[in-house]
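Please look through the structure below. The text after it deals with the metal site and then with the way the chain is divided.

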Amino acid sequence: MKKTTIKKYAKLIVRIGANVQKGQSVVITCSVDQADFCALVADECYKAGAKYVNVQWSDDKLTRLKYRNESIRTLSTVLKWQEERMRWLSEELPCQIHIVSEDPDGLRGVNPTKMQKAQVNSYKVRKKYIDAMESRYQWTIAAVPGEAWAKKVFPELRKNQAVEKLWQAILETVYVTDDNDPIEVWNKVNADFKMRCEKLNRNKFEYLEYKSSNGTDFKCWLMPRSKWCGGGEYDLNGHYFNPNMPTIEVFTTPMRGRAEGTVVSTKPLSYRGQLIENFSFTFKDGKVVSCKAEKGQEILEKMISSDEGACMIGELALVPYDSPISNQNILYYETLFDENASCHIALGRGYRECVDGYESMSAEELESLGVNDSMIHVDFMIGSPDMSIVGHTFDGRDVQIFKNGNFVI
Ligand code: ZN
Ligand code: ZN
C-alpha cells in the first residue's frame, strides 16, 4: 500500500473519526506491531493541535501470558496508578483512538472463567469512571491489518499478500483511494445518514418484528423516546465525531425487558479474542433464556452471565444485505467490519444517545425509561438475504422496513 495513501487514512481517523480539536489530549490504543501506523496517527493529532498524545500499547502474547500466570485475585485488582489514570481520563476527557489489528482468535485457550471473573471484579472499580465519561468525549475505532488477522481472513495467500489485500479491503470500506479526498466523501455519507435516521424516526415504531428462513423469529420493543442514530454524532460538549470507521449501520436502543423469540447468528463472533460460531439466542420477557453454539458455548454462557444486564438487549442495528461492505463478501472475523455487513443486535449496555432528550437526563432517569445497563456491549450478526423486518408503530400501522434483506422505506 502506498505510503501517501496510508498517511491520508491516518489523517482521516484524526480529523473525521476523533475530530481532534486544538488543545485537546489524545489517548491511542494500539498493538505493538503497528507502531509505524500509530506514529502516523500521533503525528496527525499534533498537526490538528493536540497538546498531549499518550499511547497505550498491547500485545496478545503478553496478554496470554498474564492470564496464564496471574491469579484471579491479581487480575481483578485495579492498582492505584491504574485507578488514577481512569480518574485522569474522566476529568481530562481526552479523545480516544482505538487502532484494531489483532488476530480475532489471538487469545484462544485463555480460560474463559478466569477472564470473565477478572473483568467482572475490576469493573466494580472502573464503572464509576466509565459512567462519568459517557457521551462526554470523542472516540473512534479504526483498523489496520495485522499479519495474523490478515492470514485468518485470506488463508490462501502468503503473509505479505494477505496484509496487502486486507489493506485494500479496509481502505475501500472507509472510502480512501490513492487520489480522492476521503474527508469530503465522509461529509456526504454523514449527510445521507441524517436523512435515513429522520425517515425512521418519523415513524415512531413501538416494536420491530424480524423473520428469516434460518429460524430467526423475533420481536423487540422500543421505548417511546427511542431514536435512530447513524454515522457521526455529537458528544455532550458539542464535538462531532465518527465512533466507527467504517460504518454503515443505523441503530437504536430498545426497551429493556421486552423482547420475545429466537435470533440465529449468521456470522461468527470474535469475543475477547476467541471465536464463537453458529449460535442462537432465545428471549423471553427481554432476557436470554437459552443459548446454543456449535463452537464457543462456554464463552457465550459466561458472556451473558457477566452481570444482570448482559442477557438483555442494548442495541438494534439495521444494515442492508446489499451494501458496500456486505458486497465485498469478506468475512473479517472482526465486529467493526462484520457488524457493518449485516443487521445485528447487541447484548448489554444500551446507547444513551439513542434516547430523545438524553442530554438533560441523569443515568437513573435513562435507566428508568428502559435503557439497559451492563459492563458488556457485544454485537452479533443476524442479517440474511431473506430477512424481513416489519415495524409496528405506536399509532397502529405496520410498516415494512426490510424485505429480502434490504431497506424498503
Ligand atoms: Zn451497531
Ligand atoms: Zn454495538
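In this predicted model, Glu 315 bridges the zinc ion (ligand 2) and the zinc ion (ligand 1), and the two ions lie 3.4 Å apart. Around the zinc ion (ligand 2), the coordinating atoms come from Glu 315 (OE), His 377 (NE2) and Asp 379, which is listed with OD twice, at 2.0 to 2.5 Å. The donor residues of this ion follow the sequence spacing E-x61-H-x1-D. Glu 315 and His 377 thus belong to distant parts of the chain: Glu 315 sits in strand S15 (residues 313-318) and His 377 in strand S17 (residues 377-381), 62 residues apart.

What arrangement do the 4 donor atoms around the zinc ion (ligand 2) form? The angles they subtend run from 55 to 141 degrees, so the arrangement is irregular. A tetrahedral assignment would require all angles to lie between 85 and 135 degrees.

The two residues also differ in exposure class. Glu 315 has a relative accessible area of 1% and is therefore buried. For His 377 the relative accessibility is 27%, so this residue counts as partly exposed.

On the scale of the whole chain, there is a division into domain 1 (3-173) and domain 2 (191-407). Their C-alpha centres are 23 Å apart. In the contact between them, 46 residues of domain 1 meet 38 residues of domain 2. Together the domains bury about 3,500 Å², with 56% of that area on carbon and sulfur atoms. The interface of domain 1 and domain 2 is also crossed by 5 salt bridges. Lys 127 forms a salt bridge with Asp 373, and their closest N and O atoms are 3.0 Å apart.

Definitions and conventions
Residues are numbered from 1 along each chain as its sequence is written. Chains are lettered from A and ligands numbered from 1 in the order in which they are written. This is a predicted model: local features need pLDDT of at least 70, side-chain atom pairs count only at pLDDT 80 or more; totals for chains, interfaces and linings use all residues. Side-chain values use heavy atoms; hydrogens and water are left out. Donors are N, O and S atoms within 2.8 Å of the metal (3.2 Å for Na, K and Ca); water is not among the atoms, so sites may look incomplete. Four donors count as tetrahedral if all angles lie between 85 and 135 degrees; four count as square planar and six as octahedral if opposite donors are over 155 degrees apart and all others between 65 and 115; anything else is irregular. Helices (H or I, at least four residues) and strands (E, at least two) are DSSP runs, numbered from the N terminus. Buried means under 20% relative accessible area, exposed over 50%, partly exposed in between (1.4 Å probe, protein chains only). Domain bounds come from an automatic or database domain assignment. Contact means heavy atoms within 4.5 Å. Buried area is the accessible area (1.4 Å probe) that two parts lose on being put together, summed over both. A salt bridge is a side-chain nitrogen of Lys or Arg within 4 Å of a carboxyl oxygen of Asp or Glu.
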